[in-house]
Amino acid sequence: MRADGTAPGRPAPDGQDARELLRRCARDVVEVAEGVRAVSERTSTVLFAPALAAAARRRPRAGLAARWALLRALTNKQGLGGSAITAPRGMGHVLGAAGEVLGRENLAALVAVTSLRLRIAAVLVDHPEFVRDPGMRRLTEAVTADKDLAAVRSLRALFRDQGAQRALSGLAPLMAELLAIRALLDEDPKNDETGWALATGRELSADPVHGISAARLAGMDRGEGAAEAVDLTDQERQVIAPKGSFLGFLRNIEMLSTDGRILLQNVRGPDGVVRYVLQAPGMAPGRPRNDSPQDFVGAWRNLFMTDSPYTRSILLALADYGIPRGADLALIGHSEGGIAVMNLAQDEEFCRTYRVTHVIAVGSPVDTKKPADPRTWVASITNQHDIVPVLDGRGAGSAFDPHPNWYEVDYTGPTHEFPLCHMLREYIEHLRTVIPEARERVDEALAPYRGPVVRTQAYQLKDRANPPEGYPFLTLPTTSLPTTAGPIDVPVRYYDSSAAHLCYPVDADTARGLLPDVTWMTPSRVARRAMAVLSLYEHRCTTIGPYTEIALSVLVDDLWRPRPYDVAADLLRRVDLRRTGRHVLSLGVTSEEARVVAQEVWGQPALRVTAEADLMGREIGVRSPDLGLAVDGRLGRGVRCPEADWILYGRRGESTIRTLVRAHGRLRLHTGAGVRLRLDTAAAEPFAGQLRRLGIDTARPRFVLTCPQFMLHRSAGAVLPR
């Protein structure tokens, strides 16, 4: 029986376990691949050795023939393959990169891919549902055949048919193998080292050439780390386990949640000796946080580097707690907490200060890490459908085992949907019901810690050096306004957005007919034409949630004293002093909260629709089936423009609502020749009807203003008596 309590995979014809047989074959094949790669490296070294170059100059005929034979062996399709040149710099590196780009097949990589395919076959022994599922089968075939377009289409179909959570969970057992195959087979030589590390089970490189550079990781997270002792609430104290046990420690971590706290405890063991236990929760969901190191950026840094604000904060907490030097210490963590405690166990100085007896990681990608003290007992418990543990590059079918003093449980639990299968309460339930023998094995190892808890202290960890998010642009006073969707803070702040504004000259009389039926609102004229703007937004992180926005507006004059060409003069004024603005004719948003805020706070006629937007690259694309609208095109290089703040007008009853919008980002001006708007013939009113009346449905935009990434904030709407 395996650790998950299920029977082994189906036997091979000779009676052996098929899964283990395939894993052993994968191990043998990858050893061959490493041998081929070593031959490539030695041949490349000889080819570009200074001694051989000098000999070729002294005896050109023999020397050049020898170098030509070596070069052919490295680059020929019947030899080691075009990308087998592994010289780190100079002509050898150039030739190797050229071989990759030209599609030459690297023999070592192809042998490694064979090992990965064997690993996939081993996974399929325990997951026959992947063979039966047509979407998973198409995706696997497309990736292993190096068909990029087919792989993208298969992945999109998988997400569309099954939903993102189920699709991610289904991919989890095969994620590492598919990523490795893709990295080894693509034409980018920078991915070779990553693919090779995933294929052979080595730790991912963090050097600036082949992996994620240390400088980039350091730039992601500059927090110093801080720890402050905090009290637990009365309710939390009642939940804390009174005695040491594996499930008791995990329930303590679950009680802490992911609000940036850790727990330190003294436990008096059966022998009367007081030992210490560190319990570390995982990553907080949502966008990166600046008040705590337990966020996505911190987890990513912990994965690739041993030093991070999380580990530095834990060290400060341990120092404040007063653990004696040389004391026994057990480290237990979930998700990012598991990575952080394993990083501490890898630190030789830390292991000289304390005797790290146990490291237990639940749902954590730690399989490529190794503790500094060989006496440390390590346990790793992962659900095969949890995508977080495979981020270390070691999937369920990996042919390589950790170091000997390691207890590993990689099981298939009843919970397959992500992120549910990653939550600690699911792991606790599975340890209780699905894999009780794993719980018993860990409790047996933790026998010295199975005694009464004599002291408990929680610590709040902080990223002390990081400024508030959006600082200084989005650091401004706010107030709360009631809406039917609940109170919202204004100004509404947008931390990460993309936009494209398609500008069309339109007939002024037609534009006037679409504006509210009041005499004082007139469209601004530029060369006798009005200007309509189709604005496309992708808001990825806002204080009212992520959403996509499609807005149609018309530039209008000052409501009290309209002047010719005032829109041009207004560009020289500060935005809060401008008299002109854009009146919003129609608005489509993809979230209910955004619709309520647009209608009730800004006075804009909003509809909730479905839409998808991709506005971060040269190729822009927006689709809304509900509006019957699609925008596609490729933008030229464009020219830089000043940051564009603007005024938006809406209507509420008999009043006009004026909203001030401030933006901070790199705006660019492009010609509109490459952008096209398409409307379905049955597209619904009012949005499609207004586009047709303005003639936008058959016209190209005169110009396009884009900003791939920017921040903005929108004030509460001011009510004007007009």
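This note sets out numbered points on the fold, the cores, one helix, the salt bridges and the cysteines of a predicted model.

1. Overall make-up. The chain contains 23 helices and 26 strands. Of its 722 residues, 53% are buried. Among contacts with a separation of 6 or more, 72% are between residues 24 or more positions apart. The exposed surface of the chain comes to about 32,500 Å², of which carbon and sulfur atoms supply 55%.

2. The largest nonpolar core. This core has 44 residues, and the members that touch the most others are Leu502, Leu534, Ile550, Leu629, Val631 and Ile696. Leucine 534 may serve as an example. Apart from neighbours within four places in sequence, leucine 534 is in contact with Ala500, His501, Leu502, Tyr504, Ile550, Ala551, Val631, Leu677 and Phe687. Three of the core residues named above, Leu502, Ile550 and Val631, thus recur in the contacts of leucine 534.

3. The second core. A separate core, made up of 31 residues, includes Ala317, Ile339, Met342 and Tyr459. As a general matter, nonpolar side chains in soluble globular proteins tend to be buried together.

4. The buried side of helix 19. Helix 19 spans residues 436–445, and its buried residues are Ala438, Arg439, Val442, Asp443 and Ala445. These residues lie on the same side of helix 19, because the arc they cover around the axis is only 160°. In general, an α-helix has 3.6 residues a turn, so residues three or four places apart point the same way. The cover over the buried residues of helix 19 includes two helices, helix 13 (246–256) and helix 18 (424–433). Strand 5 (355–362), strand 6 (377–383) and strand 7 (406–411) are also part of that cover.

5. A buried salt bridge between strands. The salt bridge count is 23. In one of these, the side chains of aspartate 328 and arginine 275 meet at 3.2 Å, N to O. Because aspartate 328 belongs to strand 4 (residues 328–334) and arginine 275 to strand 3 (residues 274–280), the pair ties together parts that are 53 residues apart in sequence. Aspartate 328 counts as buried, since its relative accessibility is 17%. Arginine 275 also counts as buried, at 8% relative accessibility.

6. Two arginines on aspartate 632. Arginine 623 forms a salt bridge with aspartate 632, with 2.9 Å between the closest N and O atoms. Arginine 623 is partly exposed, its relative accessible area being 42%. Aspartate 632 also forms a salt bridge with arginine 678, where the closest N and O atoms are 2.9 Å apart. Arginine 678 is in strand 24 (residues 675–679) and aspartate 632 in strand 19 (residues 629–634), so this pair ties together parts that are 46 residues apart in sequence. Arginine 678 is partly exposed, with a relative accessible area of 33%.

7. A salt-bridge network. Asp271, Arg275, Asp328 and Arg355 are joined into one network by salt bridges that share partners. The pair of aspartate 328 and arginine 275 described in point 5 is thereby part of this network.

8. Cysteines. How many disulfides does a search of the whole structure find? The search finds 0. Cysteine 351 counts as buried, at 14% relative accessibility. Cysteine 641 is buried as well, with a relative accessible area of 18%; the cut-off for buried is under 20%.

Key. Residues are numbered from 1 along each chain as its sequence is written. This is a predicted model: local features need pLDDT of at least 70, side-chain atom pairs count only at pLDDT 80 or more; totals for chains, interfaces and linings use all residues. Side-chain values use heavy atoms; hydrogens and water are left out. A nonpolar core is a set of buried Ala, Val, Leu, Ile, Met, Phe, Trp, Tyr and Cys residues joined through side-chain atoms within 4.5 Å. Buried means under 20% relative accessible area, exposed over 50%, partly exposed in between (1.4 Å probe, protein chains only). Contact means heavy atoms within 4.5 Å. Helices (H or I, at least four residues) and strands (E, at least two) are DSSP runs, numbered from the N terminus. The arc is that of the directions from the helix axis to the C-beta atoms. A salt bridge is a side-chain nitrogen of Lys or Arg within 4 Å of a carboxyl oxygen of Asp or Glu. A disulfide is a pair of cysteine sulfur atoms within 2.5 Å. Accessible areas come from the Shrake-Rupley method with a 1.4 Å probe; for residues, only the protein chains shown count as cover.
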